[in-house]
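Welcome! Please take a moment to look over the model below, and then we can walk through it together.

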Amino acid sequence: MAAIALSVEKLTKSFNEKQLFNDITFGIDQGQKVALVGVNGCGKSTLLNVIAGQEQQDAGIVSFQKDLKIAYLDQAPDLSEFHTILDSIFDASHPEAKLLNEYWKLVEKSSPTEADQEKLQELITQIDGLNAWDYEFRLKEILGKLGINNLERPIVELSGGQQKRIALAKAMLGEPDFLILDEPTNHLDLDIIEWLEEYLAAQNLGLLMVTHDRYFLDKVCNEIIEIDKGNLFRYKGTYADYLEKKGEALENAKTVRDKARNLLSKELEWMRRQPKARGTKAKYRIDAFHDTKKKAKVDLSTSELEIKISGKRQGKKILELNKIAKAWEGKNMFKDFSHIFTRGEKVGIVGYNGTGKSTFLNVVTQTITPDAGEIDLGVNTLFGYYKQDTIQEEPGKTVLESIQEVAEVITLDDGSVVTASQLLNQFLFDPKVQHSHIAKLSGGEKRRLQLLKVLMANPNFLILDEPTNDLDIVTLNILEDYLQNFSGCLLIVSHDRYFMDKLVDHLFVFDHSDVIRDFPGNYTDYRVEQKEKKKEAQSSSNVSQEKTNTKTRESEKKKLTYKEQQEFKKIEDQMPKLETRKEELNQLLNSGETDHVKLTEWSQEIENLQNDLDEMEMRWLELSEYL
């Protein structure tokens, strides 16, 4: 039986006079990977902060297994205390990291002195003694995958997304036994998200995370804990299993409540008939009455976002882009791009950070002027632009005042008219919250308020730049349903693959060239094509390499010994078998298995297989040069 890594007992916490959770208890075993879900404002991030020791609980105990190495990734990490990326990544208490930090700083020096050279040799000897080159290899691999290159770059120059990647790298480099992650996929490129989910799925560590990315959740986690009305509910398996089991649990709870209500009416009649001085023989029935009364009054209502705002009717001409171009700081972001938008068209935008996606949106909405080309906007076209930046916290302004600035009343899709306060109720802002200052809202609640302000203008062309960041899964499902039925045009930039797959008809693909490619399909279709191209390129590269090797062999006349030939053949036979076994283990990890001993064994076997495959591949390449 796996050891308990984290134990939470009778935990209670309130925030801004609101009780987030009360008397909750749960544990997580070593190797178990758990996702924490719930509506915005229910206390998910607060619970992570309390468990990580960043906030103090009102009552209860949080304890970890002795000598467990724990790492925490905050939703918005602050690295301002560090001067450079290099300073922020290396942990001074880690001896290998300390030596490598000194080594790298000397290597990076443009004009090293003789004393520097002597110090460098001394450091190399010390690094050899600690076998710290393995740490350096893993460091470079993780930094490379996360797109962190110039380690001398000052922290003050970095965006919030870049700081998040650095904090993630630091958390992973410490080789923690237990990892706490708050929205780890926010601000990450899609390639990085895919690499991260594969990395975490294969690691034998305890994991507790909050994420809105349902593909990521499915690939990494084997259990879901939901916070609902201050209580915890646990569900084994994937996100799909969670939805199914939650539905079953709700139906069962309704059946129990309805039976209790029927019984309550009969028991209530009996209670009223009895004299006030009841005998001891009836005490069990009186106790049963109070228990039935409690079951009959259980609250099974669900607070769900309601989006009833319809867009303005579109005209014949919506938006036409004719050979538009834009450069930024001497670099072409895109050029000669043309597209005519049609009614109801839904387009996704994908590409690496820094390739011009947000610049393109600003050109389309005419926030900035293109360097070349024309933008022809239909007379009835009205943009609704939901930006990455959260709503501004204006000093002293309440939630209701913020909405009333846009409109006092608004007409819904059914023709009815509602006040700003009624509309806020539909967006899950109760009267008490409406009269609170915006600064008191959670990150997700601010994003929900921001979405409401965009939709209130009745736009018929919605532009959404990373709309899923900080929104809870329940809200995302309702938003997706609204957008699927939205009659206007949709332009989405998102790293949420589930969200994109569900909504878009085709993609505008941004890469490191200045050409925007129009891809006919959703994100999953695009990734399948990318993988096929990668295979073709690898095959072509292998053919080219073989030709080069042939010429080399002809010129050098080198041959493998009989023993080396047998070794080569053995490697070629073994590698496909190891790859097949690795795939089988990955499928087992994602099967919903709940036995943590098995999960730990499978994870360890995957890691061993990968090490063997890496060694075989290097030896295969070495031998193939002389075959």
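In which strand is Cys489 found? The answer is strand S18, which covers residues 489–493. Bear in mind as we go that this is a predicted model.

Let's stay with Cys489 for a moment. Its relative accessibility is 0%, so Cys489 counts as buried, given that the word applies to anything under 20%. What surrounds it? Setting aside residues up to four places away in sequence, Cys489 touches Gln314, Ile318, Phe341, Thr342, Arg343, Gly344, Glu345, Asn460, Phe461 and Leu462. Ile318 is a good one to pick out in the viewer: Cys489 and Ile318 are 171 residues apart in sequence, yet their C-alpha atoms lie 8.6 Å apart in space.

That pairing is a handy way into the chain as a whole. Among contacts in the protein chain with a separation of 6 or more, 69% join residues 24 or more positions apart. The chain has 627 residues, and 46% of them are buried. Its secondary structure comes to 20 helices and 20 strands.

Another strand residue to visit is Phe337, which has its place in strand S11 (residues 331–341). With a relative accessibility of 6%, Phe337 counts as buried because that value is under the 20% cut-off. Apart from neighbours within four places in sequence, Phe337 is in contact with Leu321, Asn322, Lys323, Ile324, Phe360, Phe508 and Ile516. Of these partners, take Ile324: Phe337 and Ile324 are 13 residues apart along the chain, and 5.2 Å separates their C-alpha atoms.

Now let's turn to the helices, beginning with H3, which runs over residues 95–107. Its 13 residues should span 18 Å at 1.5 Å a residue, and the C-alpha atoms at its ends are indeed 18 Å apart, so the two values agree. Ala97, Leu99, Leu100, Asn101, Tyr103, Trp104 and Leu106 are buried in H3. What covers them? The cover includes helix H2 (85–89), helix H4 (114–130) and H5.

The last of these covering helices deserves a closer look. H3 and H5 pack at an angle of about 75°, with 10 Å between their axes. That angle makes H3 roughly perpendicular to H5. On the H3 side, the contact is made by Glu96, Ala97, Leu100, Tyr103 and Trp104, while H5 brings Trp133, Tyr135, Glu136, Leu139 and Lys140. By class, the residues of this contact of H3 with H5 divide into 7 nonpolar, no polar and 3 charged.

H5 (residues 133–145) also packs with helix H6 (residues 160–173), at an angle of about 150° and with the axes 10 Å apart. H5 and H6 are therefore roughly antiparallel to each other, and their crossing is right-handed. Here H5 contributes Tyr135, Arg138, Leu139, Ile142 and Leu143, and H6 contributes Ala169, Met172 and Leu173. This contact of H5 with H6 has 7 nonpolar, no polar and 1 charged residues.

Our final stop is helix H7, residues 190–202. Its 13 residues should span 18 Å at 1.5 Å a residue, and its end C-alpha atoms are 19 Å apart, which agrees. Why is H7 described as largely enclosed by the rest of the structure? The reason is that 11 of its 13 residues are buried, and these include Trp195, Tyr199 and Leu200 as well as Glu194 and Glu197.

Definitions and conventions. Residues numbered from 1 in each chain as written. Predicted model: local features only at pLDDT ≥ 70, side-chain atom pairs only at ≥ 80, totals over all residues. Heavy atoms only, no water. Axes fitted to C-alpha atoms, helices over the stretch in contact; angles between N-to-C directions. Helix = DSSP H or I, 4+ residues; strand = E, 2+ residues; numbered from the N terminus. Parallel < 35°, antiparallel > 145°, perpendicular 65-115°, else oblique. Left-handed = near helix turned anticlockwise from the far one by under 90°. Contact = heavy atoms within 4.5 Å. Nonpolar A, V, L, I, M, F, W, Y, C, P; charged D, E, K, R; others polar. Expected span 1.5 Å × (residues − 1). Buried < 20%, exposed > 50% of the residue type's maximum accessible area, 1.4 Å probe, protein only.
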